[in-house]
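Me: I would like to go through a protein structure step by step. Can you take my questions one at a time?

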Amino acid sequence: MITDQYIHASEVMSQLSAVSVRLNIDYEICSIAGDTNEIGVHEFELYHTIFDFLPDSLIDSVKENLQKSFRTHQKVQTDVNYINVINEQKKLRVISNTLNIDAEIFYLVTFLRLPVTDQIIREINGYESYEEARRQLEISEARFNAFFENDPVMHMSVNPENGLIADCNQFVIEKLELQDKNDIIGQPIYSIFTDEKKIRCLALVERFKKEGKLKSEEMELVTKKGKVIPVILYTVAQRDEHGKIILSRSTLVDITDLKNAQRRLNKKRKRLELLNKELEQFVSTCSHDLQEPLATIKFAGDVLGKLYNDKLDQKGRDYLMYIDEAVDRLTKQIRSLLAHSRIGINSERSFVNTNKIVSTVIKDLGKRIIENKAEIIVDELPEVEAYGVELRLIFLNLISNAIKYSKKNCVPIIKIGATECNEFVMFSVADNGIGISKEDTKEIFKIFNRVNESNPNKGTGVGLAHCDKIVRMHEGKLWVESNLKKGSTFFFKIRKQYDH
C-alpha cells in the first residue's frame with residue numbers, strides 16, 4: 001500500500017514537472033517524490049543534506065524559504081530564477097511547509113517548474129483528493145498556529161545544541177516588551193533571564209540534554225525595559241526518528257500574581273507573629289505584675305477582717321467577703337488567660353492514638369467519675385496526626401463539663417465516638433446532662449463566658465475557649481448540638497493527616 005502511494009505521488013510530481021521531498025530538522029532528505037531531471041538539478045539521495053544537490057543559485061533562496069516556514073509554521077512560496085545543471089536559465093516555484101508527525105518536525109518542500117498551466121493540474125489523476133487533503137492539513141495547521149500564537153501563556157523552542165532560541169509565540173514578545181520575533185529568535189536562551197538566573201539557565205540546558213525534560217523550575221525573566229517576571233518553566237524534548245533531541249518545547253507561566261500574594265501573606269504572617277508576641281508579653285504582664293497588687297488587696301482584706309471583725313457590722317463583713325471572692329476570681333481568670341495564650345507554644349504534631357489519650361483522661365478524672373457514678377462509653381477511636389498534649393486537653397474539658405453539668409438524681413452517661421470524613425476525623429462527646437439553650441450555644445466558646453452561673457461547680461469560663469483554640473490549631477471546627485434538659489453533643493473535626 002505504501003509502495004502504491006509512493007508510485008502515485010511520483011506520477012503526480014512528474015505530470016506537474018515537480019519534485020517533492022521531506023526533510024528532517026537538519027535538512028536531510030527522508031523521502032523523495034518526482035524526478036529531479038524535471039527541474040534540472042542533481043539527483044537527490046536519501047539521508048544526505050538537500051543543499052549537496054542544489055546549484056549555488058538556488059541554495060540561499062531555498063534555505064531562506066525553509067527557515068521562514070519554520071518560524072511562521074505556515075506555507076511559504078517563492079519564485080526563484082536559477083541556472084540548472086546544463087547551464088540553462090530556468091525558473092522554479094519553491095513551496096515549503098512544516099509537518100508535525102508524531103511530535104517530530106519535518107519540512108515538506110516542493111520544487112515546481114514554471115510555467116504550470118491550469119490544464120495540466122486538472123488532468124492529474126487524483127488531484128482533487130490530494131488538494132482536499134492538503135486543504136484540511138492547512139486548516140489544521142492554521143488552528144494550531146492560532147492557538148500557539150494567541151495562547152496567553154509563553155511558548156518557546158530552543159536548540160539544545162547551541163542554546164539559541166528557535167521560535168516563540170506572540171505572548172513572549174509582549175511579555176518581554178520586544179518589537180517582533182527578530183529581536184529574540186537566534187539569541188542565546190540565557191539572555192532573557194536575570195543575571196542571578198543566567199548560570200542556572202545554563203545548568204538547566206545541560207540537564208535537559210541528559211533527561212529530556214524539565215518540570216516546575218522557578219526562574220526569572222527580564223524584559224527589555226528591565227522589569228523582572230517570575231515564571232515556572234516546563235520543558236519537553238522533540239526528538240528525531242533516532243531518538244536524538246533536536247529541539248526543546250518550553251512553556252513559561254507568569255507567576256507574578258502568585259508571588260505578590262505570597263509577599264502579602266508573608267507580611268500578614270509577620271504582623272500576626274508580632275501581635276502574638278505583644279499579646280504574650282501583655283498576658284505575661286497580667287499574670288505576674290497584676291498578681292502582686294491582687295495579693296496585697298487580699299492580704300489587706302484578711303488583716304481588716306482579723307483586726308476589726310468585732311467592730312464591723314454584718315454588712316461590713318459581707319463587703320470584705322465580696323472583696324476576697326472577687327480577688328480569688330480575678331486571680332483564677334488571670335492564670336486561665338495566661339494558660340490560654342500559651343496553648344500551642346513549642347508544640348509539634350505527631351501521630352497519636354486517641355484511644356490511649358481518652359483512657360488517660362478517664363484515669364485523671366477517676367475520682368470525679370466515681371463520686372458522680374458516671375458511666376463513660378468509648379467507641380474505637382482512630383489514630384490522627386495532632387498536637388497530643390492539646391488534644392488531651394480537649395477531651396479533658398469536654399468530659400469534665402459533661403460530668404459537671406449533669407442532671408440531679410440522674411446517672412451521667414457520656415458517649416465518645418469518631419467518624420472519618422475524607423481527610424478529616426469528626427469526634428463527638430455526648431451527654432445526658434442539663435443541656436444548653438439555643439441562644440447560649442453561640443456564646444459558650446468565648447473566653448470567660450459562663451452560661452450556667454447558677455451551677456455551684458461553675459468554672460472560669462475558659463475551658464471551651466481552650467478547646468476552640470486547639471481545634472483551630474488543627475485547621476478544624478468545634479460546635480455543639482443541644483436540647484435543654486435532654487443533654488448536649490459536642491463535635492470537633494480535625495485533619496487526620498497533614499501535608500509535609
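Me: In which helix does Leu304 lie?
Reply: This is a predicted model. Helix H8 covers residues 291-307. Leu304 lies in H8.

Me: Is Leu304 buried, partly exposed or exposed?
Reply: Buried needs a value under 20%, and exposed needs one over 50%. Leu304 has 39% relative accessibility. It therefore counts as partly exposed.

Me: Which residues form a nonpolar patch on the surface, and how much accessible area do they have together?
Reply: The patch includes Leu304. Its other members are Leu307 and Tyr308. Together, Leu304, Leu307 and Tyr308 have an accessible area of about 290 Å².

Me: Now the whole protein. How many helices and strands does the protein have?
Reply: The protein has 500 residues, and 40% of them count as buried. Its accessible surface comes to about 29700 Å², with 51% belonging to carbon and sulfur atoms. As for elements, the count is 13 helices and 17 strands.

Me: What is the strand order in the open sheet with antiparallel pairing?
Reply: This sheet has five strands. Strands S2 (29-34) and S3 (76-83) are its edges, each pairing on one side only. Neighbouring strands are turned by 20° against each other on average, direction ignored. The order is S2-S1-S5-S4-S3.

Me: Which helix packs on the sheet and touches S1, S3, S4 and S5?
Reply: The helix covers residues 56-72. Its direction makes about 175° with that of S3. Its name is H2.

Me: How many bridges join S1 to S5?
Reply: S1 runs antiparallel to S2, and five bridges join them. S1 also runs antiparallel to S5. One bridge pairs Arg22 with Leu108 in S5. Between S1 and S5 the number of bridges is six.

Me: Which residue in S2 is the bridge partner of Val19?
Reply: S1 spans residues 18-23 and is joined to S2 by bridges. Along this pair, Val21 stands opposite Ile32 in S2. For Val19, the bridge partner in S2 is Gly34.

Me: How many of the six residues of S1 are buried?
Reply: Buried means under 20% relative accessible area. S1 is mostly covered. The number of buried residues in S1 is five.

Me: What is the phi of Tyr27?
Reply: S1 and S2 form a hairpin with five residues between them. Tyr27 sits in the loop between these strands. Most residues other than glycine have a negative phi. Tyr27 has a positive one, near 70°.

Me: Is Tyr27 buried or exposed?
Reply: The cut-off for buried is under 20% relative accessible area. Tyr27 has 17% relative accessibility. Therefore Tyr27 counts as buried.

Me: How far apart in space are Leu99 and Phe70, C-alpha to C-alpha?
Reply: Leu99 lies in strand S4. Leu99 has a relative accessible area of 13%, so it is buried. In sequence, Leu99 and Phe70 are 29 residues apart. In space, their C-alpha atoms are 9.6 Å apart.

Me: What is the strand order in the open sheet with mixed pairing?
Reply: This sheet has five strands. The edge strands are S12 (375-378) and S16 (477-483). Neighbouring strands are turned by 15° on average, direction ignored. The order is S12-S14-S15-S17-S16.

Me: Which helix packs on this sheet and touches S12, S14, S15 and S17?
Reply: The helix covers residues 388-404. Its direction makes about 175° with that of S17. The helix is H12.

Me: Do S12 and S14 run parallel or antiparallel?
Reply: Four bridges join S12 to S14 (residues 413-421). In one of them, Val378 has Ile416 in S14 as its bridge partner. The direction of S12 and S14 is parallel.

Me: Is Asn422 buried or exposed?
Reply: Asn422 is found in the loop between S14 and S15. Its phi is positive, about 55°, although it is not a glycine. The relative accessible area of Asn422 is 74%, and exposed means over 50%. So Asn422 is exposed.

Methods. Residues are numbered from 1 along each chain as its sequence is written. This is a predicted model: local features need pLDDT of at least 70, side-chain atom pairs count only at pLDDT 80 or more; totals for chains, interfaces and linings use all residues. Side-chain values use heavy atoms; hydrogens and water are left out. Two strands pair if DSSP finds at least two bridges between them. Helices (H or I, at least four residues) and strands (E, at least two) are DSSP runs, numbered from the N terminus. Axes are lines fitted to C-alpha atoms, for helices over the stretch in contact, and angles run from 0 to 180 degrees between N-to-C directions. Contact means heavy atoms within 4.5 Å. Patches are made of residues with over 30% relative accessible area and no salt bridge: like charges are joined within 9 Å, nonpolar side chains (Val, Leu, Ile, Met, Phe, Trp, Tyr) within 5 Å. Accessible areas come from the Shrake-Rupley method with a 1.4 Å probe; for residues, only the protein chains shown count as cover. A salt bridge is a side-chain nitrogen of Lys or Arg within 4 Å of a carboxyl oxygen of Asp or Glu. Buried means under 20% relative accessible area, exposed over 50%, partly exposed in between (1.4 Å probe, protein chains only).
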